[in-house]
Amino acid sequence: MLELAILGFLAEGPMHGYQLRHRIARLSGHARPVSDGSLYPAINRMVKAELLARRTEPGASAAQRHVLSLTAAGHSELLRRLRDADGLEITDSTRFFTVLAFLSHLPDTADQRAVLRRRLDFLEQPASFFHDGERLQRAEDTDDPYRRGMLTIARATSRAERSWLQEMLA
């Protein structure tokens, strides 16, 4: 998802690594902090794969800054990753929100709707964090107030997201 975020933010315009890291941190928040040790190797891999271009410009002080921009191949890769989002990109909420943050870059609304449909299909499957034997445990089924809280919050969140997805797909 780090690479998708890099591609997505650079599709909005060139920026240097510090700006990119700051935007990714705001997107992923505390759930998935981005470190220099993961960001810069990802950038280097993407430059080597010719998905990104890097140019040097003077910095505010003596140090030069490396400005990154998306190449045509990088733009194509962004669109492919968005269009083909599936698996963990659909089932993991944080990953799906990264997809969602850049989904408007897909020019074809049918492709956008297909991604949303995959997420809605996933959310419509019965789910729970806990089981009673083979049976999924609902909030009403547990005496543990903290588990009941988790299940109640998850149900409300899922209901709200399903409602939004249905509205978008209507």
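**Exercise 1. Find what the side chain of Glu140 contacts, and place Glu140 in the model.**

Step 1. The side chain of Glu140 makes a polar contact with the side chain of Arg155, at 2.8 Å. A polar contact is a pair of N or O atoms within 3.5 Å; within protein, one must be able to donate a hydrogen and the other to accept it, and residues adjacent in sequence count only if both atoms are side-chain atoms.

Step 2. Note the source. This is a predicted model, where local features need pLDDT of at least 70 and side-chain atom pairs count only at pLDDT 80 or more, while totals for chains, interfaces and linings use all residues. Residues are numbered from 1 along each chain as its sequence is written, and side-chain values use heavy atoms, with hydrogens and water left out.

Step 3. Glu140 sits in the loop between strand 5 (135–136) and helix 8. Helices (H or I, at least four residues) and strands (E, at least two) are DSSP runs, numbered from the N terminus.

Step 4. Glu140 has a relative accessible area of 49%, so it is partly exposed. The classes use a 1.4 Å probe and protein chains only: buried is under 20% relative accessible area, exposed is over 50%, and partly exposed is in between.

Step 5. Compare Glu140 with Ile6. They are 134 residues apart in sequence, and their C-alpha atoms are 42 Å apart in space.

**Exercise 2. Describe the largest pocket: its space, its lining and the helices that supply it.**

Step 1. The largest pocket holds about 740 Å³ of space. On a 1 Å grid over the protein atoms alone, a pocket is an open set of points where a 1.4 Å probe fits, with protein on both sides within 12 Å along at least five of seven lines; lining residues have an atom within 4 Å of a point. Grid points are joined across faces, edges and corners, and a volume is the space filled by probe spheres set on the points.

Step 2. The lining has 25 residues. Nearest the centre lie Ala127, Ser128, Ala154, Arg155 and Ser158.

Step 3. Helix 6 (93–102), helix 7 (109–123) and helix 8 (145–169) each supply at least two lining residues. Helix 8 gives the largest share, eight residues.

Step 4. Sort the lining by type. Eleven residues are nonpolar, seven polar and seven charged. Here Ala, Val, Leu, Ile, Met, Phe, Trp, Tyr, Cys and Pro count as nonpolar, Asp, Glu, Lys and Arg as charged, and the others, Gly among them, as polar.

**Exercise 3. Is Gln112 buried or exposed? List what it touches.**

Step 1. Gln112 lies in helix 7. Its relative accessibility is 18%, so Gln112 counts as buried.

Step 2. Leave out residues up to four places away in sequence. Gln112 then touches Leu103, Ser104 and Leu106. Contact means heavy atoms within 4.5 Å.

Step 3. Look at the polar atoms. One in the side chain of Gln112 lies 3.4 Å from the backbone oxygen of Leu103.

**Exercise 4. Place Trp164 and name its contacts.**

Step 1. Trp164 lies in helix 8. Trp164 is partly exposed because its relative accessible area is 33%.

Step 2. Set aside neighbours within four places in sequence. Trp164 is in contact with Leu100 and Leu116.

Step 3. Trp164 and Leu120 are 44 residues apart along the chain, yet their C-alpha atoms are separated by 9.6 Å.

**Exercise 5. How many salt bridges does a search of the whole structure find? Work through three of them.**

Step 1. The search finds 14 salt bridges. A salt bridge is a side-chain nitrogen of Lys or Arg within 4 Å of a carboxyl oxygen of Asp or Glu. Side chains of opposite charge can pair when their charged atoms come close.

Step 2. Glu3 pairs with Arg45 in a salt bridge, with the closest N and O atoms 3.4 Å apart. This pair links distant parts of the chain: Glu3 is in helix 1 (residues 2–11) and Arg45 in helix 3, 42 residues apart. Arg45 counts as partly exposed at 48% relative accessibility.

Step 3. Arg81 forms a salt bridge with Glu77, and their closest N and O atoms are 2.7 Å apart. Both lie in helix 4 (residues 72–83), four residues apart, about one turn of the helix. Arg81 is partly exposed at 22%, whereas Glu77 is buried at 16%.

Step 4. Arg117 forms a salt bridge with Asp121, the closest N and O atoms being 3.4 Å apart. They are four residues apart in helix 7, so about one helical turn separates them. Arg117 is partly exposed at 37%, and Asp121 is partly exposed at 35%.

Step 5. Finish with the network. Shared salt-bridge partners join Glu3, Arg45, Glu77, Arg80, Arg81 and Asp84 into one network.
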